[in-house]
Amino acid sequence: MTVAVSTGSLDRLQRLYYTGYGDSFLDTALRKLIERQIARDESDLARIEAELVCFEERYSMSSDQFWQQYQEGHLRDTEDFTEWNVFCKMRRRIMSRLEILHEQ
């Protein structure tokens, strides 16, 4: 399913709900979809955090310290640092998604 199709479907559902439509089956399905995505993201985050710990131990630096120094250009573009940077970006994206998914 493309983003446009998904977004269009969500927009239609949102408009239905704003008009007063309510359906317990649909409510349950949406809640389960969100819970499933949260579980998936939390699992992915745990795997990424384990990778980050390996880098932190190898270089005696937190990922937050690394991220700041790498973004400011204070560290070389070694293979390890490039990979560490990717894991940091992945963690940030997942944490952003989880923040949205946990909103009430």
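**Notebook: helices H2, H3 and H4**

I began with the pair H2 and H4, which are roughly antiparallel to each other. The model I consulted is a predicted one. I looked up the geometry behind this description: the axes of H2 and H4 cross at roughly 150 degrees and come within 9 Å. Angles over 145 degrees count as roughly antiparallel, and the term therefore applies here. I also noted that the crossing of H2 and H4 is left-handed.

**Entry on H2**

I recorded that helix H2 covers residues 24–59, which is 36 residues. From its first C-alpha to its last, H2 reaches 52 Å, close to the 52 Å expected at 1.5 Å a residue.

I then examined the start of H2. There, the backbone nitrogen of phenylalanine 25 has a side-chain oxygen of aspartate 23 within 3.2 Å.

Which residues of H2 are buried? I listed Leu26, Ile38, Asp41, Leu45, Ile48, Leu52 and Phe55. I next looked for what covers these buried residues, and found that the cover includes helix H1 (3–18), helix H3 (63–71) and helix H4 (79–101).

**Entry on serine 60**

I moved on to the residue that follows H2, which is serine 60. Serine 60 lies in the loop between H2 and H3. I noted that its phi is positive, about 50 degrees, although serine 60 is not a glycine. I set this beside a general rule: most residues other than glycine have a negative phi.

Is serine 60 buried or exposed? I found a relative accessible area of 69% for serine 60, so this residue is exposed.

**Entry on H4**

I recorded 23 residues for H4. H4 reaches 33 Å from its first C-alpha to its last, close to the 33 Å expected at 1.5 Å a residue.

The buried residues of H4 are Phe81, Trp84, Asn85, Phe87, Cys88, Arg91, Ile94 and Leu98. I asked what these residues pack against, and the partners are H2 and H3.

**Entry on H3 against H4**

I looked up the packing of H3 and H4 and noted an angle of about 110 degrees, with the axes 10 Å apart. H3 is therefore roughly perpendicular to H4. H3 passes H4 in a left-handed crossing. On the H3 side, I recorded Ser63, Asp64, Phe66, Trp67, Tyr70 and Gln71 as the residues that make the contact. On the H4 side, the contact is made by Phe81, Thr82, Trp84, Asn85, Cys88, Lys89, Arg91 and Arg92.

**Entry on two residues of H4**

I selected asparagine 85, which is in helix H4, for a separate note. Asparagine 85 counts as buried because its relative accessibility is 8%, and the cut-off for buried is under 20%. Not counting residues up to four places away in sequence, asparagine 85 touches Phe66, Trp67, Tyr70 and Gln71. I found these four names again among the H3 residues in contact with H4.

I then turned to arginine 91, which also has its place in helix H4. Arginine 91 has a relative accessible area of 12% and is therefore buried. Which residues does arginine 91 touch, not counting those up to four places away in sequence? I listed Leu45, Ile48, Glu49, Leu52, Ser63 and Asp64. Among these, I had already entered Leu45, Ile48 and Leu52 as buried residues of H2, and I had noted Ser63 and Asp64 on the H3 side of the contact with H4.

Key: Residues numbered from 1 in each chain as written. Predicted model: local features only at pLDDT ≥ 70, side-chain atom pairs only at ≥ 80, totals over all residues. Heavy atoms only, no water. Helix = DSSP H or I, 4+ residues; strand = E, 2+ residues; numbered from the N terminus. Expected span 1.5 Å × (residues − 1). Buried < 20%, exposed > 50% of the residue type's maximum accessible area, 1.4 Å probe, protein only. Contact = heavy atoms within 4.5 Å. Polar contact = N/O pair within 3.5 Å; in protein donor to acceptor, adjacent residues only side chain to side chain. Axes fitted to C-alpha atoms, helices over the stretch in contact; angles between N-to-C directions. Parallel < 35°, antiparallel > 145°, perpendicular 65-115°, else oblique. Left-handed = near helix turned anticlockwise from the far one by under 90°.
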